Amino acid sequence: MTSTDDLLARHRAVMPSWMPLYYAEPLEIVSGSGRRVTCSDGRTYLDFFGGVLTTMVGYDIPEITQAVERQLRTGVAHTSTLYLIRAQVELAEKIARLSGIPDARVFFTNSGTEANEAALLMATNIRRSNQILAVRNSYHGRSYAAMGITGHRGWSSSSLNPLQVSWLHSSDRLRGLLSRLGPDDHVDAAVDDLREVLATQTAGDVAALIAEPVQGVGGFVAGPDGLLGALKKVLDETGILLISDEVQTGWGRTGDHFWGYQAHDVVPDLLTFAKGIGNGYALAGVVGRADVINAVPAISFSTFGGNPISTAAGNATLDYVLEHDLQGNAARVGAILRDGLVEAVGDSPIVGEIRGRGLMLAVEFVQPGSNEPDVPATLRVFEACKRGGLLVGKGGLYNNVIRMGPPLTLTEDEAREALEILVTAIREASAA
């Protein structure tokens, strides 16, 4: 029995059965450098999922390691927010400035789930309402309220919900009521849908609409540019807030914009962030209008949120993103991948759609001649990528989408290397 086999048996003996492991033969990652990871079997892989879009600038980045080591050398790993934390204040200043939200305030948490919980706390307090608008096919976290606003049945572990939620149509382009429409008609229909939901499914004042500019777990599904801006005009008629869940879309990943909301001619009232900002260190939070964030009527804080270690990493990560123009790199290198996929396998009978922006890309697999999800083909591509030396993610409502969110430092040569592996995997799966 190898050490990995032994670790797998031990994992199954002590971990919950509902915690998934990737691959028929799960991997143990033991080291990483740049965009590559090495596993306990000695094999090195090009990582195109980055710990679920979290290792945003790659592995073993000296600037981040040095920032964390400097803080560790002080002997202080934690103080709580009952004391001033210089790195926290510095990072909050940067995020407030970059958010695009006037007079912004920042509250730090440990994860995207906690960030969305905090945003819901703020929105429901200022609006004095527990009514929330959410979007079908969405994912916002694994906690009680976050699950309640998650419109993805595979991740909804409980039907119990502390919120009253009304659901808007998703922007799935392959199936669903809005899939038949062009961009302008799609936006018009979504606005009509919002008005109808407000008129028929809500009672009194609604607190907020929470939406991902690009649905992450949902398979990187996105509506037409301008959609959120058109919806916000309706929300503003009665003061309903807009929460932009940027846990996966933030920090320049989409290439065209620093935040996903910026494709929509809108400024949200609250914006939640997580994942990439810590580059692997636990760091997340909410940035938003001062009056909304300050609406919490009692004392509250996050014990570990924005601690000295994570904010040291966050400052170094954000500085690295800006100083190296990783948003621009995401646009350039992402175009190589997307254009290459469209040219090579865009007409494959098992490829339903190639979509995404920047370094947030997805391929959805369908049964030939239809839009019916093809999970077996997806799994064949998934495993073939691993055999070829490439780690990718999965997702989508029907688990038939390959998701790619590599570090934003990905080089053009690495993109072409990955493209060759992907194309070979898709062609093999199509021929099976």
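In which sense do strand β9 and strand β10 pair, and over how many bridges? In this predicted model, β9 (residues 270-273) and β10 (residues 284-289) run in the antiparallel sense, with four bridges between them. Within this pairing, Thr-272 has Val-286 of β10 opposite it.

**The seven-stranded sheet**

Both strands belong to an open sheet of seven strands, whose order is β4-β10-β9-β8-β7-β5-β6 and whose pairing is mixed. The edges are occupied by β4 (104-109) and β6 (164-168); each has a single partner strand, so one side of each remains without a neighbour in the sheet. From one strand to the next, the twist averages 20°. Helix α7 (residues 183-200) packs on this sheet, where α7 touches β5 (131-135) and β6. The direction of α7 makes about 155° with that of β6.

**The four-stranded sheet and helix α12**

A further open sheet consists of four strands in the order β11-β12-β15-β14, with antiparallel pairing. Its edge strands, β11 (351-357) and β14 (393-395), each pair on one side only. Neighbouring strands of this sheet are turned against each other by 25° on average, direction ignored. Six bridges join β11 to strand β12 (residues 360-365) in the antiparallel sense; among the partners, Val-351 is matched with Phe-365 in β12.

Helix α12 lies across β12, β14 and β15 (401-404) and runs at about 35° to β15. Helix α12 also packs against another helix, α13, as described below.

**Helix pairs**

The geometry of three helix pairs is set out in the following table.

| Helix pair | Axis separation | Crossing angle |
|---|---|---|
| α12 (residues 375-388) and α13 (residues 412-431) | within 8 Å | roughly 140° |
| α3 (residues 62-73) and α10 | within 8 Å | roughly 155° |
| α4 and α10 | 8 Å | about 35° |

The axes of α12 and α13 cross at roughly 140°, and α12 is therefore oblique to α13. The crossing in which α12 passes α13 is right-handed. On the α12 side, the contact comprises Ala-377, Arg-380, Val-381, Ala-384, Cys-385, Arg-387 and Gly-388. These residues meet Ile-421, Leu-422, Ala-425, Ile-426, Glu-428 and Ala-429 of α13. By class, the residues of the contact of α12 with α13 divide into nine nonpolar, one polar and three charged.

Helix α10 takes part in two of the tabulated pairs, with α3 and with α4. For α3 and α10, the axes cross at roughly 155°, so α3 is roughly antiparallel to α10. This crossing of α3 and α10 is right-handed. From α3, the contact draws on Glu-63, Ile-64, Ala-67, Val-68, Gln-71 and Leu-72. From α10, the contributing residues are Pro-308, Ile-309, Ala-312, Ala-313, Ala-316, Thr-317 and Tyr-320. Ten nonpolar, two polar and one charged residues make up the contact of α3 with α10.

The pair of α4 and α10 packs at an angle of about 35°, and the crossing of these helices is left-handed. In α4, the residues involved are Ala-87, Gln-88, Glu-90, Leu-91, Lys-94, Ile-95 and Leu-98. Their counterparts in α10 are Thr-311, Ala-312, Gly-314, Asn-315, Leu-318, Asp-319 and Leu-322. The contact of α4 with α10 contains seven nonpolar, four polar and three charged residues. Ala-312 of α10 appears in the contact with α3 and also in the contact with α4.

**A salt bridge between α4 and α10**

Side chains of opposite charge can pair when their charged atoms come close. The structure holds 17 salt bridges. One of the pairs is formed by Lys-94 and Asp-319, whose closest N and O atoms are 3.0 Å apart. This salt bridge links distant parts of the chain: Lys-94 is in helix α4 (residues 86-99) and Asp-319 is in helix α10 (residues 308-323), with their positions 225 residues apart. Lys-94 and Asp-319 are also among the residues listed for the contact of α4 with α10.

Key
Residues are numbered from 1 along each chain as its sequence is written. This is a predicted model: local features need pLDDT of at least 70, side-chain atom pairs count only at pLDDT 80 or more; totals for chains, interfaces and linings use all residues. Side-chain values use heavy atoms; hydrogens and water are left out. Two strands pair if DSSP finds at least two bridges between them. Axes are lines fitted to C-alpha atoms, for helices over the stretch in contact, and angles run from 0 to 180 degrees between N-to-C directions. Contact means heavy atoms within 4.5 Å. Angles under 35 degrees count as roughly parallel, over 145 as roughly antiparallel, 65 to 115 as roughly perpendicular and the rest as oblique. A crossing is left-handed if the near helix is turned anticlockwise from the far one by less than a right angle, and right-handed if clockwise. Ala, Val, Leu, Ile, Met, Phe, Trp, Tyr, Cys and Pro count as nonpolar, Asp, Glu, Lys and Arg as charged, and the others, Gly among them, as polar. A salt bridge is a side-chain nitrogen of Lys or Arg within 4 Å of a carboxyl oxygen of Asp or Glu.
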